[in-house]
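Trainee: Could you take me through one part of this structure slowly, as if I were seeing a protein model for the first time? I would like to look closely at the aromatic rings and what lies around them.

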Amino acid sequence: MLTVIKISQGRGPYYKVEFSNGETLRLSEDTVVRHRLLKGQELDEKNLAAIKQEGKEDLGFQLALNYLSYQLRTEKEIRTYLRDHEIASEDQQKIVKRLIELELVDDLVYGESYIRTQMRLGDKGPRVLRQKLKQKGLKENDIEQALDLYVGEEQARVALQTAKKALRKFHHTSQREAQQKLQQLLMTKGFGGDISKTILAEIDFSEIEEQENEALELQGEKLWRKNQRFEPAKRRQKVKQSLYQKGFQLDQIDSFIRGKEAADE
């Protein structure tokens, strides 16, 4: 027979129960109460083995409930969390099954909630969101069903909002470069080519167009100084090529270079 020699509150949702053979178990409050464990209580090996098995699973379940209390989780996230807390694989399976039966874990519900949040607060397109849900362990069918919420007007709204916000950073560039950067940004964020083209057609670039000459002067001055070590013809060629690649018109570039060469003379 073994004797319970000490019961103390441990870290997190469990108790530390020490036995006369030197063994210590982490048990949830439910397990302690269910078996009426008290200091001085005697147990045989059979009862101890049953408490150990039940305690491991129950402790994992309590840990999972605590983890779920902060936000929704996927099956994969629950399993990873339990593994990190040294819950055995067979107990993980039982715990996840129990949580699913209680409707506390549902990957489709998680996916739909995630997509709704991203639609409201995020700036990502469906391609990126698909990848993120895949990383969280959702099956392809659940991902597809969740993404059905993110189509048409909703997708265009988020893409337009993302593009308008980014446009503020593209002052002192040419209109063409701003358009190219916006298109690249939308593609990187996970929006498709058709959506990107539609959004670019809706964006008002008039302010950038009005400031294009100022942007040319600003960038041209930097390039003119950067290439001053070259002889005139090569300097002219390098500056012209760089400004053209940045989206400025050839007649604007030629006018700028003529002005700089006249000033240098």
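**A close look at the aromatic rings**

Mentor: Happy to! Let us begin with one tyrosine: Y67 has a relative accessibility of 15%, so Y67 counts as buried. Keep in mind that this is a predicted model. A search of the whole structure finds 2 aromatic pairs, and Y67 belongs to one of them, together with Y81. These two rings are stacked, with 3.9 Å from centre to centre and 5° between their planes. Y67 sits in helix α2 (residues 45–68) and Y81 in helix α3 (residues 75–84), so the pair ties together parts that are 14 residues apart in sequence. Y81 is buried as well, because its relative accessibility is 17% and the cut-off for buried is under 20%.

Now turn to the other pair, Y110 and Y114. Their rings are also stacked, at 6.2 Å centre to centre and with 15° between the planes. Here both partners lie in a single helix, α5, 4 residues apart, which is about one turn of the helix. Both Y110 and Y114 are buried.

Let us go back to Y67, since it has another neighbour to show you. The charged end of R73 sits over the ring of Y67, 3.7 Å from the ring centre. You can find a similar arrangement at F61, where the charged end of R98 sits over the ring, 3.6 Å from its centre.

What about the wider setting? In soluble globular proteins, nonpolar side chains tend to be buried together. In this model the largest nonpolar core has 28 residues, and I115, L133, L182, I199, I203 and F205 have the most contacts inside it. Among the elements that give two or more residues to this core are α5 (107–121) and α8 (152–167), and α8 gives the most, with 6 residues. If you click on I199, you will see that it touches A156, A159, L160, A163 and L186, leaving aside residues up to four places away in sequence. Apart from this core lies another one, of 15 residues, and our Y67 is among them, along with L59, L82 and V105.

One last link is to a record: an unreviewed UniProt entry lists residues 62–99 as "domain: RecX first three-helical". Over that stretch the chain is 74% helix and 0% strand, and the end C-alpha atoms are 11 Å apart.

Key
Residues are numbered from 1 along each chain as its sequence is written. This is a predicted model: local features need pLDDT of at least 70, side-chain atom pairs count only at pLDDT 80 or more; totals for chains, interfaces and linings use all residues. Side-chain values use heavy atoms; hydrogens and water are left out. UniProt positions are given in the numbering used here, feature names are shortened, and annotations may be inferred rather than shown by experiment. A nonpolar core is a set of buried Ala, Val, Leu, Ile, Met, Phe, Trp, Tyr and Cys residues joined through side-chain atoms within 4.5 Å. Buried means under 20% relative accessible area, exposed over 50%, partly exposed in between (1.4 Å probe, protein chains only). Contact means heavy atoms within 4.5 Å. Rings of Phe, Tyr and Trp (its six-membered ring) pair if their centres lie within 6.5 Å; planes under 30 degrees apart count as stacked, over 60 as edge-to-face and the rest as tilted. A charge sits over a ring if NZ of Lys or CZ of Arg is within 6 Å of the ring centre and within 35 degrees of the ring normal.
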